[in-house]
Amino acid sequence: MRISRYSRMDTTVRPGSFLSVVYVSEGEGEGLDAEEIVAQIRADIDAIDGVAVSSEDSDPLSVKGLYKLLKRLKLPGRDLVLVTDGSEYSDLDDLVGAGYVNYVNLEVDGPLDKSQAECVRILDNCGCPYMVTATLIPGRISESALRELASEIPGSRHLILKAGKSPDPARKLDQKELASLASSVRGLAKDVRLVMR
């Protein structure tokens, strides 16, 4: 495992929170110094609400050595947020039960697949707060698919919708389409927010 990137302050991973975000990657090799990052985060404890762990190339739950890093990043009185696509959920209940993870941001691009549905079931059963971030990809998302997603996540604290890149460069969701998709699930999911990037 290596730390591929670090963001000292982020307000988009969990609405209303100031988080430091650590991005992990599979494998060894060049990466950021974990000791320096942990020291930086501990120095910032009064300015942040917690730490998030994410990955740009795989589910962080599949990264070997994640437990040790989470243990080092967990700050007293602060949340540790795990950003996951839900594909590697088998250790999730252990991480929550051990107090390493206090909040989950589940990233999806449509209705939940089997792994993601199991991830939501685990989170609901263990009482871990979570939110869902849905990437809106043209051709893969529709109002009906988004409504199906909303019905599958009644325990979610937030539903964040963000525009994604289309596999077809000629097809892009415009502002009106994005607003329509967001409107289609307001009232079905808690705290629906459309994030434009």
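I began at Leu161, whose bridge partner in β8 is Leu194. Strands here are DSSP runs of E with at least two residues, helices are runs of H or I with at least four, and both are numbered from the N terminus. I noted that this is a predicted model, in which local features need pLDDT of at least 70, side-chain atom pairs count only at pLDDT 80 or more, and totals for chains, interfaces and linings use all residues. Residues are numbered from 1 along each chain as its sequence is written, and side-chain values use heavy atoms, with hydrogens and water left out.

**Entry: the sheet.** I looked up how β7 (residues 159-163) and β8 pair, and found the parallel sense over 4 bridges. Two strands pair if DSSP finds at least two bridges between them. The open sheet has 8 strands in the order β1-β2-β3-β4-β5-β6-β7-β8, with mixed pairing. β1 (2-10) and β8 are at the edges with a single partner strand each, so each has one side without a neighbour in the sheet. On average, neighbouring strands are turned by 20 degrees against each other, direction ignored.

**Entry: the core.** I listed the contacts of Leu161 (heavy atoms within 4.5 Å). Leaving out residues up to four places away in sequence, Leu161 touches ten-odd places along the chain that include Ala134, Leu146, Leu181 and Val192. I strike "ten-odd places" from that note: the contacts are residues, among them Leu136, Ala182, Val185 and Leu194. Leu161 is also one of the residues with the most contacts inside the largest nonpolar core, which has 51 residues. A nonpolar core is a set of buried Ala, Val, Leu, Ile, Met, Phe, Trp, Tyr and Cys residues joined through side-chain atoms within 4.5 Å. A second, separate core has 10 residues, including Val13 and Tyr23.

**Entry: two helices.** I checked α5 (residues 143-152) against α6, and their axes come within 9 Å and cross at roughly 40 degrees. Axes are lines fitted to C-alpha atoms, for helices over the stretch in contact, and angles run from 0 to 180 degrees between N-to-C directions. In this contact Glu143, Leu146, Arg147 and Ala150 of α5 meet Ser180, Leu181, Ser184 and Val185 of α6. α5 also lies across β5 (103-108), β6 (130-136) and β7, at about 170 degrees to β6.

**Entry: Lys190.** I found Lys190 in the loop between α6 (175-185) and β8 (192-195). Lys190 counts as partly exposed because its relative accessibility is 47%; buried means under 20%, exposed over 50%, and partly exposed in between (1.4 Å probe, protein chains only). Its C-alpha atom is 5.9 Å from that of Arg157, 33 residues apart along the chain.
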